[in-house]
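Here is a short report for a newcomer. Take a look at the sequence and the model first, then read on.

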Amino acid sequence: MSEERPIDMRSDTVTRPSDAMREAARDAPVGDDVYREDPTVNDLESRVADLLGFEASLYVPSGTMGNQIAARVHTERGEEAIVERESHVYKWELGGFAQHAGLQVRPVDGDDRGVISPAQVHEAYVEADGHRPGTGLVCLEDTHNSKGGTAIAPTDIDAVADAAHDLGVPVHLDGARLANASVALDSPLHRLTHEVDSTMMCLSKGLGAPVGSMLAGSEAFVEKARRVRKLFGGGMRQAGIVAGPGLLALENVERLAEDHEHAALLAEGLEAIPGVTPYTPETNIVLGATDDSAEAFLEECAEAGVLGVPFDDHLVRFVTHWDVSREDVETALDRLRER
Ligand SMILES: *Cc1c(COP(=O)(O)O)cnc(C)c1O
């Protein structure tokens, strides 16, 4: 391991809160949020509802909990959920749709950017009858993490949502990094969510908050979601302490453009590094195909003082974020060149 601080690009969740966020945590007016008496949480929930273009939103401890609550609220036990095969809800949430909502997932293969088509929704749809469970939900993801942070266009989301709605099926958008998509596409957040029934967005990734995600939808949806949050053990008390920094995180949307520039710089530099072939990033995620195993490549990187994560046997992921400056990217590339 190099003497200096490792440059940590395992995820944009590794950011440490700014001094302003620590002050906001200390100074936040608080109350018991389970009684809906925390003014900071109430403020955050109404601001995010406006930003995302929904009637209401709910502060939840994690993105995973937001997605799981959405699945539970939208569906009946035993139904099917149509998901993209590489999606976070399918791959990385411990099979939660089955555990928390009693759903059977029906994965469909998106294109190389993770986009599924209206025709695929029609094909995968199952009508409930005496033998068949019925489709209860379609779940989309933007940006698409496993496909390398691809920013899915609002028209692609609308098209799938319209197809689902024609079949009477609600749509949830996993927008853990929706703010990255918004910046990359130069499209307001509420435009991306226009046709979907609910959206989850993380405050704790590129936006830099220490804790928390938002789940947004109609008043009726959020009322039910609040009950399910309690059921799942996510009812928090003086949550303004963490929601305060969350309010500041909302001011970091435009800043994500820097992360995207840094990711482009990293990918460009990786072209010249032996052992890895980078994909061109659309946002803050850089995937690279490795010649040897991903684990072996990452071990060498770590020894040189650069951290990423394996995404597959021969695929690695690096993520840029606000604790990684342009200089850090240049240093990381120097270290990898010299390794
Ligand atoms: C990170 C992530 C989540 C889950 O968020 P957590 O706060 O880590 O639970 C969900 N979906 C996607 C696409 C993610 O990248």
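In which strand is Ser213 found?

## A serine in a strand

Ser213 belongs to strand 8, which covers residues 213-217. The model is predicted, and the values below are computed from it.

Is Ser213 buried or exposed? Its relative accessibility is 0%. Buried means under 20%, so Ser213 counts as buried. Its side chain reaches the backbone nitrogen of Gly63, at 3.0 Å. Leaving aside neighbours within four places in sequence, Ser213 touches residues from two stretches of numbering. Leu58, Tyr59, Val60, Pro61, Ser62 and Gly63 are among its contacts. Met200, Met201, Cys202 and Leu203 are also in contact with Ser213.

## Around the ligand

How many residues surround the ligand? There are 14, and the closest are Gly63, Thr64, Asp174, Arg177 and Lys205. Gly63 thus appears twice in this report: it is listed here, and its backbone nitrogen is reached by the side chain of Ser213.

Three side chains can be described by their distances to the ligand. For Thr64, a polar side-chain atom lies 2.6 Å from a ligand oxygen atom. For Arg177, an N or O atom of the side chain is 3.0 Å from an oxygen atom of the ligand. For His88, the partner is a nitrogen atom of the ligand, and the distance to an N or O atom in the side chain is 3.4 Å.

## Two crossing helices

Helix 8 spans residues 178-185, and helix 12 spans residues 256-270. Their axes come within 9 Å and cross at roughly 80 degrees. Angles of 65 to 115 degrees count as roughly perpendicular, so helix 8 is roughly perpendicular to helix 12.

Which residues of helix 8 meet helix 12? They are Ala179, Asn180, Val183 and Ala184. On the side of helix 12, the partners are Leu256, Ala257 and His260. By class, this contact has five nonpolar residues, two polar ones and no charged ones.

## A loop asparagine

Where does Asn252 lie? It sits in the loop between helix 11, residues 240-249, and helix 12. Its relative accessibility is 11%, under the 20% cut-off, so Asn252 counts as buried.

The side chain of Asn252 reaches the backbone oxygen of Leu207, at 2.8 Å. Not counting residues up to four places away in sequence, Asn252 touches Met21, Leu207 and Trp322. Leu207 therefore appears both as a contact of Asn252 and as the owner of the backbone oxygen that its side chain reaches.

How values were computed
Residues numbered from 1 in each chain as written. Predicted model: local features only at pLDDT ≥ 70, side-chain atom pairs only at ≥ 80, totals over all residues. Heavy atoms only, no water. Axes fitted to C-alpha atoms, helices over the stretch in contact; angles between N-to-C directions. Helix = DSSP H or I, 4+ residues; strand = E, 2+ residues; numbered from the N terminus. Parallel < 35°, antiparallel > 145°, perpendicular 65-115°, else oblique. Contact = heavy atoms within 4.5 Å. Nonpolar A, V, L, I, M, F, W, Y, C, P; charged D, E, K, R; others polar. Buried < 20%, exposed > 50% of the residue type's maximum accessible area, 1.4 Å probe, protein only. Polar contact = N/O pair within 3.5 Å; in protein donor to acceptor, adjacent residues only side chain to side chain. Near = heavy atom within 4 Å.
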